[in-house]
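Good morning, and thank you for joining this group meeting. I should like to take you through one structure, residue by residue where that helps. Please look at the display before I go on.

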Amino acid sequence: MYRVSGKQLVSIALFSAVMAGLIVACAQRALDGRGTSIEPPAIADPTVASDEQNNIEIYHAVNQGVVNITNRGYQEGYFGVFPSEGTGSGSIIDEKGDILTNYHVVQGASQLEVQVENDKFPATLVGTDRDNDLAVIRIDPARNYRLTPVKLGTSQGLQVGQKVLAIGNPFGLQRTLTTGIISGLERPLRDSAARRTINGAIQTDAAINPGNSGGPLLNSKGEMIGINTAIQANAGGGSIGIGFAVPVDVAKRIIPEIISKGYVSRPWLGIQTMPLNRRIARAFDLPVEEGMIVGDVYRGSGAAAAGIRGAVVRESILGGVSLQQLGDVVLSVAGRKVSNTDDLQNALQDKKPGETVDVEILRQGRRATVPVRLSERPVEER
C-alpha cells in the first residue's frame, strides 16, 4: 500500500486550494460578463465605411437599447369610462434602468410596461417635463440582466443634409430602422401635449410613424442627437417625410433634474394672461397693439408682491365673459418683447426661481418698469 507523507498531504492541500481559487475566479469573471451592461459592437469610421455597412453596424450597436413602451390607462367617453392602450418608444440611458421618452407617450398612464428585446418589465414614472414633451421612466430588471444604454451625443453643429437614422417601434413593429437626412433645423414644434412651442426642433425625412415617438434620432456614429416626437401626417396618419425631434442637448440639460426631483423647476411670474389685439387696443384707446393683458394675479406670487394689477372680468349668466376694466399690459420681460405665451416662456427660459427680472408694463396709458422676483412654477401649472 502506498503511504502518503505529511509533507505530501500539505502539498495536496495547497494545490487543491489554488485550484479552488482559480475556479472561483473564473466563475466570477463569467458572472461579471453577465453584468448590467455590455459593450456594444464597434461602429467603423463612417467616413471610410459604406453607407450600408454603417447602417448595419449602427443597428447592431444601438437597437438593444431601444425599448417598446406600452401605456395602459382609462378614458372617459359618452358611454362611461373604458380602458385604453397606447405604445411608443424609448432609449435606455443608464445602467440603472432609466429610459428617456416623450411625455405624451406616458401621459395619463395608470400602468407602464417596457419591452427590452423579448423581455417585458413593469415601469415606474420617474419624472416629466411637459414643456419639452420629455419624460424619464425606470425599470428594475434582474441583477445580472444586460442593459445597453444609448450613447447621448450632441445637437450642436448639426447640418442640413447630414445623415440620420431612427430606431423605434412604428405601429408596434419592434426595433425598426429607418434612415434619412436632416431636412431642417431650428423648427418651431407645437405638440399637443406640450405647454408651449418647442424651439429648435430637428426636422428629418427619416420615416417616423405612430409608435416611433420617444425613440432616438441618431447620427452616423450611432449617437443620439434627438428624440423623435412628432410628424406631419396624411389622412391615414402615416409618414410623409416630415418628422421632428427634440434636440438631445435639451434632454441632457434637464435629465439630471427630472431624475433627482421628478420635474424641472421653472420660473414663474404668477400671472394669467391673454394676448392684446387691435380690437381691444382700440376699445381702451391704448397706444400699443401688442402685449399680454394681465387677467389675474396669483396671491403670494412675485407679481402680487410687485403690485402687478389684473383686469376686471364680468361673467354673464349665459357663460360668456366681458372685459370690464383693463389691468396692466405686459410689454416686455427681461428686455424681451412679449405678445403671446410662447414669448413669455422664452423670456424666462434662462432664468431661475429666486431671480429678479424687469417687467415693462403699460398702466393707464403710461409705461413703467417693475422688478418682479420669480418664484417656482407650482405643481398645478407644470
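G73 counts as buried, because its relative accessibility is 6%, under the 20% cut-off. I should say at once that this is a predicted model. G73 is found in strand β1, which covers residues 66-77. Which residue lies 36 residues from G73 along the chain, with its C-alpha atom 4.8 Å away? That residue is A109: the C-alpha atoms of G73 and A109 are separated by 4.8 Å.

Strand β1 also holds N68. Is N68 buried or exposed? With a relative accessible area of 8%, N68 is buried. Setting aside neighbours within four places in sequence, N68 is in contact with T87, G88, E113, V114, Q115, N169 and Q174.

I turn now to the nonpolar cores. The largest one has 28 residues, and those that touch the most other members are V62, L100, L134, L218 and M224. Two or more residues of this core come from each of the helices α2 (51-62) and α4 (248-261), and likewise from each of the strands β6 (134-139), β7 (163-168), β9 (198-204), β11 (224-233) and β12 (239-247). Which element gives the largest share? It is α4, with six residues. As for V62, its contacts, leaving aside neighbours within four places in sequence, are V150, I167, L218 and G222. There is also a second, separate core of 19 residues; I271, A347, I361 and V372 are among them.

Helix α4 deserves a closer look. Its buried residues include V248, D249, V250 and A251, and also I254, I255 and I258. A general point may help here: an α-helix has 3.6 residues a turn, so residues three or four places apart point the same way. How far apart should the ends of α4 be? At 1.5 Å a residue, its 14 residues should span 20 Å, and the end C-alpha atoms are indeed 20 Å apart, so the two values agree. Where in α4 does a kink lie? A kink of about 40° is found at I254, shortly before the proline P256. Just after α4, G262 takes a positive phi of about 90°.

My last topic is the aromatic rings. A pair of such rings is described by the distance of the centres and the angle of the planes. How many aromatic pairs does a search of the whole structure find? The search finds two.

One pair is formed by F121 and Y145; it is edge-to-face, with 5.1 Å centre to centre and 80° between the planes. This pair links distant parts of the chain, since F121 belongs to strand β5 (residues 119-129) and Y145 to the loop between β6 and β7, 24 residues apart. F121 is buried, at a relative accessible area of 12%, and Y145 counts as buried too, at 17% relative accessibility.

The other pair consists of W268 and Y298, and it is tilted: 5.0 Å centre to centre, with 50° between the planes. W268 lies in strand β13 (residues 267-268), while Y298 lies in the loop between β15 (292-297) and α6 (302-305), so the pair ties together parts that are 30 residues apart in sequence. Are these two rings' residues buried or exposed? W268 counts as buried because its relative accessibility is 15%, whereas Y298 is partly exposed, with a relative accessible area of 23%.

Thank you for your attention.

Key
Residues are numbered from 1 along each chain as its sequence is written. This is a predicted model: local features need pLDDT of at least 70, side-chain atom pairs count only at pLDDT 80 or more; totals for chains, interfaces and linings use all residues. Side-chain values use heavy atoms; hydrogens and water are left out. A nonpolar core is a set of buried Ala, Val, Leu, Ile, Met, Phe, Trp, Tyr and Cys residues joined through side-chain atoms within 4.5 Å. Buried means under 20% relative accessible area, exposed over 50%, partly exposed in between (1.4 Å probe, protein chains only). Helices (H or I, at least four residues) and strands (E, at least two) are DSSP runs, numbered from the N terminus. Contact means heavy atoms within 4.5 Å. Rings of Phe, Tyr and Trp (its six-membered ring) pair if their centres lie within 6.5 Å; planes under 30 degrees apart count as stacked, over 60 as edge-to-face and the rest as tilted. The expected span of a helix is 1.5 Å times one less than its number of residues. The bend at a residue is the angle between axes fitted to the seven residues ending there and the seven starting there.
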